[in-house]
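This report concerns the pocket lining and the salt bridges of the structure shown below.

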Amino acid sequence: MDHKPALYALLRLHAEIGGKIKDNKTQALKLIQDMKHVEAVLHMLEPGFNARTIAPKRRNNPNPLFKRGHVIRAAIDVLRTATAPMSAEDVAMALFQSKGVKAPTMAETHRLYGRCQRIASEQ
């Protein structure tokens, strides 16, 4: 009997549960229990299977201010018009101002600052 479709579905389910564990610590115990059940079924279908080889699925959290690929363009535009050297924090604040955000949340600031740092390190 060929179990490839079942194995594929279980691999995807395992990766998805792994991603949820990372994102939601409050439900971690139930999700870990669910993952162990999936691993048990994987071992029933394929006794020698190593479940540790499955990477957790990452969830995409899009930036509500910038579409995909637009942060780097906007950051480069800010740097082009700058009259003096700018830190990643300065670039992030300029990007917030360009979108009309007066007081960004700590999470928004951290995320955009991190992206600006990565842009600076790539250049």
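In this predicted model, 23 residues line the largest pocket, and Asn60, Asn61, Pro62, Asn63 and Arg111 are the ones that lie nearest its centre. Three elements give two or more residues each to this lining: α1 (4–23), α3 (70–81) and α5 (106–122). The largest share comes from α5, which supplies 6 residues. The volume of the largest pocket is about 770 Å³. Sorted by class, its lining holds 10 charged, 8 polar and 5 nonpolar residues.

Salt bridges form the second topic. A search of the whole structure finds 3 of them, and they are set out below with the N-to-O distance of each.

| Salt bridge | Distance, N to O |
|---|---|
| Glutamate 16 – lysine 20 | 3.8 Å |
| Lysine 30 – aspartate 34 | 3.1 Å |
| Aspartate 77 – arginine 80 | 3.2 Å |

The pair in α1 joins the side chains of glutamate 16 and lysine 20. These two residues are separated by about one helical turn, because they stand 4 residues apart in helix α1. Glutamate 16 has a relative accessible area of 34% and is partly exposed. Lysine 20, at 38% relative accessibility, also counts as partly exposed, since the value falls between the 20% and 50% limits.

Helix α2 (residues 28–45) contains lysine 30 and aspartate 34, and their spacing of 4 residues therefore corresponds to about one helical turn. Their side chains meet with an N to O distance of 3.1 Å. Lysine 30 counts as exposed at 52% relative accessibility, because exposure requires a value over 50%. Its partner aspartate 34 counts as partly exposed, with 26% relative accessibility.

In helix α3, aspartate 77 and arginine 80 are 3 residues apart, about one turn of the helix. The closest N and O atoms of this salt bridge are 3.2 Å apart. Aspartate 77 is partly exposed, with a relative accessible area of 43%. For arginine 80 the relative accessibility is 64%, so this residue counts as exposed.

To return to the pocket, helix α3, which holds aspartate 77 and arginine 80, is also among the elements that give two or more residues to the lining. Helix α1, where glutamate 16 and lysine 20 lie, is another of those elements.

Key. Residues are numbered from 1 along each chain as its sequence is written. This is a predicted model: local features need pLDDT of at least 70, side-chain atom pairs count only at pLDDT 80 or more; totals for chains, interfaces and linings use all residues. Side-chain values use heavy atoms; hydrogens and water are left out. On a 1 Å grid over the protein atoms alone, a cavity is a set of points where a 1.4 Å probe fits but cannot get out, and a pocket is an open set with protein on both sides within 12 Å along at least five of seven lines; lining residues have an atom within 4 Å of a point. Grid points are joined across faces, edges and corners, and a volume is the space filled by probe spheres set on the points. Ala, Val, Leu, Ile, Met, Phe, Trp, Tyr, Cys and Pro count as nonpolar, Asp, Glu, Lys and Arg as charged, and the others, Gly among them, as polar. A salt bridge is a side-chain nitrogen of Lys or Arg within 4 Å of a carboxyl oxygen of Asp or Glu. Buried means under 20% relative accessible area, exposed over 50%, partly exposed in between (1.4 Å probe, protein chains only).
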